[in-house]
Amino acid sequence: MVYKLFFFLLRVKTAILRRWWKLSGRLLFKANGIVADVMPTLYGLPIISVKPNSKISIGKGVVLCSDPRFTDLGVTHPVIIRTLRPNAKISIGAGSGISGAVICAAVAVEIGSECLLGADVQIFDTDFHPVAAENRRFNKSSDNVKCAPVVIEDNVFLGAGSKIMKGVRIGRNSVIGAGAVVAKDIPSNSIAVGNPARVIGQVPT
């Protein structure tokens, strides 16, 4: 009897949390001017920050998981989606699922439809700081910090902990292994692993 009551209360708590995430998520998206075809399914609240005159758009059927109880591997932090400069763009295609990933755009990050982003993936289109030693910590000038758009085409699977660096395009249907560091383009239907990531096979089609 006690166990039944315990699990009943857990279900009630989860139902209340889901309603809270849905309500507060709507407010969060509206406050940041996010364009969403349909409100994403939220497991936990993401961290979102948007620079003036930049844009984040999210397609229909996207799932953002920020709570470790709702994804097999768990996540170490909430989903983080940030534009870093005016006019930057982030787009997430319909039907994509994202678990605890970080997506930062100074220029543009485009994620296609039906993509899977495993736990703690990082995608960024900037070096964040200049290479030159002088004043590196505080120099945020767009003239000194290298940036280049990132494109993840449709139906790409990014394994847990993988990092996608500036200027990279990953072709449709490709699979990136856990922990890989992708610094160069990956063709469609490829399997790539390692640091730096290299193609080791082809996805059956």
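In this predicted model, Val35 stands opposite Ser57 in strand S4. The two residues belong to a pairing between strand S1, residues 35-36, and strand S4, residues 55-58, which run in the parallel sense and are joined over two bridges.

**The parallel sheet**

Strand S4 also pairs with strand S7, residues 89-92, again in the parallel sense and over four bridges. Within that pairing, Ser57 stands opposite Ser91 in S7. Ser57 therefore appears in two pairings: it stands opposite Val35 and opposite Ser91, given that strands pair where DSSP finds at least two bridges between them. Moving one strand further, S7 pairs with strand S10, residues 108-111, in the parallel sense over four bridges. Here Lys89 stands opposite Ala108 in S10.

These pairings are part of an open sheet of six strands, whose order is S1-S4-S7-S10-S13-S16 with parallel pairing. Its edge strands are S1 and strand S16, residues 169-170, each of which pairs on one side only. In general terms, the strands of a sheet pair through backbone hydrogen bonds, either parallel or antiparallel.

**Aromatic pairs**

A search of the whole structure finds four aromatic pairs. One of them joins Trp21 and Phe70 in an edge-to-face arrangement, with 5.7 Å centre to centre and 85 degrees between the planes. Trp21 lies in helix H1, residues 2-31, whereas Phe70 lies in the loop between strand S5 (63-65) and strand S6 (80-83), so the pair ties together parts that are 49 residues apart in sequence. Trp21 counts as buried, at 6% relative accessibility, while Phe70 counts as partly exposed, at 25%.

Another of the aromatic pairs is formed by Phe124 and Phe128; this pair is tilted, with 5.6 Å centre to centre and 55 degrees between the planes. Phe124 is buried, with a relative accessible area of 14%, whereas Phe128 is partly exposed, with a relative accessible area of 35%. Trp21 and Phe70 also belong, together with Tyr43, to one aromatic cluster.

**The largest pocket**

Phe128 has a further role in the description, as one of the residues that line the largest pocket. The other lining residues are Leu84, Arg85, Ala106, Thr126, Lys140 and Val145. By character, the lining divides into four nonpolar residues, one polar residue and two charged residues. About 150 Å³ of space lies in this pocket.

**Backbone features in loops**

Phe128 is also notable for its backbone, having a positive phi of about 70 degrees although it is not a glycine. Phe128 lies in the loop between strand S12 (122-124) and strand S13 (150-152). Asn189 likewise has a positive phi, of about 60 degrees, although it is not a glycine. The place of Asn189 is in the loop between strand S18 (181-182) and strand S19, and Asn189 is partly exposed, with a relative accessible area of 21%.

Another loop, between strand S19 (190-193) and strand S20 (198-202), contains Pro196. A cis peptide bond joins Asn195 and Pro196, with omega at about -5 degrees.

**Cysteines without disulfides**

A search of the whole structure finds zero disulfides. A disulfide is a covalent bond between the sulfur atoms of two cysteines. To count as a disulfide, two cysteine sulfur atoms must lie within 2.5 Å. The table gives two cysteines, the closest cysteine sulfur to each, and their relative accessible areas.

| Cysteine | Closest cysteine sulfur | Sulfur distance | Relative accessible area |
|---|---|---|---|
| Cys65 | Cys115 | 17 Å | 3%, buried |
| Cys147 | Cys104 | 11 Å | 24%, partly exposed |

The sulfur of Cys65 is too far from that of Cys115 for a bond, and the sulfur of Cys147 is likewise too far from that of Cys104. The surroundings of the two cysteines can also be described by accessibility: Cys65 counts as buried, whereas Cys147 is partly exposed.

Technical notes
Residues numbered from 1 in each chain as written. Predicted model: local features only at pLDDT ≥ 70, side-chain atom pairs only at ≥ 80, totals over all residues. Heavy atoms only, no water. 1 Å grid on protein atoms, 1.4 Å probe; cavity = no way out; pocket = protein on both sides within 12 Å on 5 of 7 lines; lining within 4 Å. Points joined across faces, edges and corners; volume = space filled by probe spheres on them. Nonpolar A, V, L, I, M, F, W, Y, C, P; charged D, E, K, R; others polar. Buried < 20%, exposed > 50% of the residue type's maximum accessible area, 1.4 Å probe, protein only. Phe/Tyr/Trp six-rings, centres within 6.5 Å; stacked < 30°, edge-to-face > 60°.
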